[in-house]
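Visitor: I'm new to reading protein models. Could you walk me through one?
Guide: Happy to; let's take a look together.

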Amino acid sequence: MSNLFHKILIANRGEIACRVIRTAHRMGIICVAVYSDADEYAQHVQMADEAYCLGEAPVKDSYLKVNKILEIAGKAGVEAIHPGYGFLAENPQFAETCAKKGFVFIGPPAAAIAAMGSKNAAKTIMEQASVPLVPGYHGEQQNPAVLQEAADAIGYPVLLKPTAGGGGKGMRIVSDAAEFKETLVSAQREARSSFGDDRMLLEKYLTQIRHVEIQIFADTHQNAVYLFERDCSLQRRHQKIIEEAPAPGISAELRKSMGQAAIQAAHAIGYVGAGTVEFLLTPEQDYYFMEMNTRLQVEHPVTEMITGEDLVEWQLRVASGEALPKTQEALQLSGHALEARIYAEEPEHDFLPATGVLQFVELPKVNDHVRIDTGVVQNDEVSVYYDPMISKLIVWDTNRHNALRRLKQALTDYRILGVKTNIEFLKKIIVSPPFQQGLIDTRFVETHHDLLFEKAEENWEKALVMAALTAVFQRKQAAVFQASGSPDPYSPWHQLNGWRMMEPHLQTVLLVYKEEHIEVFVEEIHAQYFLVAFAEHSFEARGHLKDNTLSLTIDDHNFQSTVVKIKKTLTVFLESSAIEFILIDPDLAESEEEEQEGSLTAPMNGTIVTILAEVETPVEKGEGLLVIEAMKMEHTIRAACDGRVKEFYFFPGDLVPEGTELLNFEPSET
Ligand code: ADP
């Protein structure tokens, strides 16, 4: 019997560091965290038993500093290092150096990571192990002419993939030969900046395909099992956003066949630990090997929910030399689990990552059916330095239908302000009829674009009543608070409940909804009973406000909602959306005009990559003007109308803060 570790170091941050610490603590293992300056107060630091600073915020100065991490591991006296995912998790040199310095790397042997590290080499190994591959080119030759020739031979559409790739970065679809050269240049550029390696492989771009992956586990005693599959077809920018297990509509035979192919892949490289073999599945149920991830995946919780196993516990046991906790026969698949990744991003702006402070966070209730894996809390910042994933919302129930019901409710109850998120978008996906029926493939978001981006009918009148009443309740609360500190608490001057000479209990609330100024009259008829009137509408309402929860009865219907005020913005959360109002202080003159939202400003902190238009040369609406890179993703700034660029204020290589005007554009006269 091997001995479990006494103390480990987690070389990661965010939700995965917290996730590992949770299990390690449950097993009685002491945890050492590492952090960057930006993460000094982060959750993973607070959860750990000890924490050490690595350096400045950029990952190359902190979470990627191998020597510093190993020095800390020595100083703290740990026996093993868990890399989480990302950062150093799939870096064979790191795994090797850990071993050399006498620390157990909680992951596969360095050689297995290296074998799978290049998608090219991985394909060659899989080909030899007779695991089916997508038709394509995975040779060493990288000359553009050779690549183009290979693409022509495969037949368009062709997919360009960085061999060192991950996270969908640098991947491009080429739909015909004429586009090939230009697309190759842009894919190589993104690959170079993301991975420091611009080698490409080519694959036939398959349409109507599903991403189905197998979770495998192997130990040092030659045992290997598969813990069934996950369907990760729901993606945007080739990156997963919703994952589920089991994959809808998969037969037991197919599951077994894919599971065994995955184990064959693991054996081919002498695998140990947690790994994922990713396949593409066609409508004809043919499957092709895509790649193997030699680490714990972001989406591992759905597998945990359907198997009842803790995969981090398995990792810790296997790394300490124990045999796998269960045999293939003992593993049972039960019920259905879904994971929705909550990202700081703007779906309506091509899913551009968002940054900022999480000014308000309200979570759904966590129980046996609902799990939240996160590394941030209210007032934390989503910064440009790290991945913009805020959390993972995971649900489980006896079948897919019931699990979806739970997910819908949990997404409704998940409220975030301060940073734009994809919560509403995720909800639109999961309630859409094709998703409900399990009709999913990797192009789901593109195929159902109109359905997913359809603007919901907003019941703004009801929301306006709620916003106005919240403003009135908050004024009252402020008055009580002020009066409590006054030498004359009963002075009428403290009664901000609308007390005015001659006009008892009538208050005016000035709100702006979609640039329209609306004057709302609120009359308190008696305690907690109001008449609210604006334009031609009038409502009778009873209610009260406690913290951010507004309880109201309108037309004999009692309901509770969350209403949050941050600076001048009042946000009312309704069932399907959140509605924002600007509250104008009646004592102040006209509100300052909100700055016009121009598309020619930097959408976020980034670097100018290239300029696409020429100064003084006419461009048409929608034409690209320049490309900016933010968080390793390229974003094209386009002309909002016909016109010409008078001047570019920045040039390739320049760093620009969010909101900076990038160029001077003159619209043509029409
Ligand atoms: P990364 O390692 O960057 O995540 P993957 O190779 O895992 O890239 O591919 C990411 C996603 O891109 C897949 O889940 C799938 O949706 C899509 N994809 C990959 N290869 C193909 C292909 N040959 N045809 C169609 N879609 C593909």
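Visitor: Which order do the strands have in the open sheet of 3 strands?
Guide: Before we start, keep in mind that this is a predicted model. Now the general idea: strands of a sheet pair through backbone hydrogen bonds, either parallel or antiparallel. Here the order is β33-β36-β38, and the pairing is antiparallel. β33 (618-619) and β38 (663-667) stand at the edges with a single partner strand each, so one side of each has no neighbour in the sheet.

Visitor: How many bridges join β33 to β36?
Guide: There are 2 bridges between β33 and β36 (residues 643-648), and the two strands run antiparallel. If you want a spot to look at, find Pro 618, which sits opposite Arg 644 in β36.

Visitor: Okay, now strand β28. Is β28 largely enclosed by the rest of the structure or not, and why?
Guide: Count its buried residues. In β28 (residues 549-554), 5 of the 6 residues are buried, so the strand is largely enclosed by the rest of the structure.

Visitor: Which way does β28 pair with β27, and over how many bridges?
Guide: β27 (residues 537-546) and β28 pair in the antiparallel sense over 6 bridges. On the other pairing, β28 and β29 (residues 557-566) are also joined antiparallel, over 6 bridges. Ser 551 in β28 is a handy landmark: His 544 stands opposite Ser 551, and Ser 551 stands opposite Gln 560 in β29.

Visitor: What should I look for in the turns of those hairpins?
Guide: Look at the backbone angle phi. The hairpin of β27 and β28 has 2 residues between the strands, and Asp 547 there takes a positive phi near 50°. The hairpin of β28 and β29 has 2 residues between its strands too, with Asp 555 in the turn at a positive phi of about 50°.

Visitor: Let's try helices. At what angle do α5 and α6 pack?
Guide: Two packed helices are described by the angle between their axes and the distance between the axes. For α5 (residues 110-117) and α6 (residues 119-128), the angle is about 100° and the axes are 5 Å apart. That makes α5 roughly perpendicular to α6.

Visitor: Which residues of α5 and α6 meet?
Guide: From α5 come Ala 115, Met 116 and Gly 117; from α6 come Lys 119, Ala 121, Ala 122, Ile 125 and Met 126. Sorted by character, the residues of this contact are 6 nonpolar, 1 polar and 1 charged.

Visitor: How many residues of helix α10 are buried?
Guide: In α10 (residues 300-307), 8 of the 8 residues are buried, so this helix is largely enclosed by the rest of the structure. Right after α10 comes Gly 308, with a positive phi near 75°.

Visitor: Is Glu 304 buried or exposed?
Guide: Glu 304 lies in helix α10, and at 6% relative accessibility it counts as buried. Beyond its neighbours within four places in sequence, Glu 304 is in contact with several residues, including Arg 19 and Arg 371.

Visitor: Last one: how many disulfides are there?
Guide: Searching the whole structure gives 0 disulfides. Check the sulfur distances to see why: the sulfur of Cys 31 is 11 Å from the closest cysteine sulfur, in Cys 18, too far for a bond. For Cys 53 the closest cysteine sulfur is also in Cys 18, at 17 Å, again too far for a bond. As for their surroundings, Cys 31 counts as buried at 0% relative accessibility, while Cys 53 counts as partly exposed at 31%.

Notes: Residues are numbered from 1 along each chain as its sequence is written. This is a predicted model: local features need pLDDT of at least 70, side-chain atom pairs count only at pLDDT 80 or more; totals for chains, interfaces and linings use all residues. Side-chain values use heavy atoms; hydrogens and water are left out. Axes are lines fitted to C-alpha atoms, for helices over the stretch in contact, and angles run from 0 to 180 degrees between N-to-C directions. Helices (H or I, at least four residues) and strands (E, at least two) are DSSP runs, numbered from the N terminus. Angles under 35 degrees count as roughly parallel, over 145 as roughly antiparallel, 65 to 115 as roughly perpendicular and the rest as oblique. Contact means heavy atoms within 4.5 Å. Ala, Val, Leu, Ile, Met, Phe, Trp, Tyr, Cys and Pro count as nonpolar, Asp, Glu, Lys and Arg as charged, and the others, Gly among them, as polar. Buried means under 20% relative accessible area, exposed over 50%, partly exposed in between (1.4 Å probe, protein chains only). Two strands pair if DSSP finds at least two bridges between them. A disulfide is a pair of cysteine sulfur atoms within 2.5 Å.
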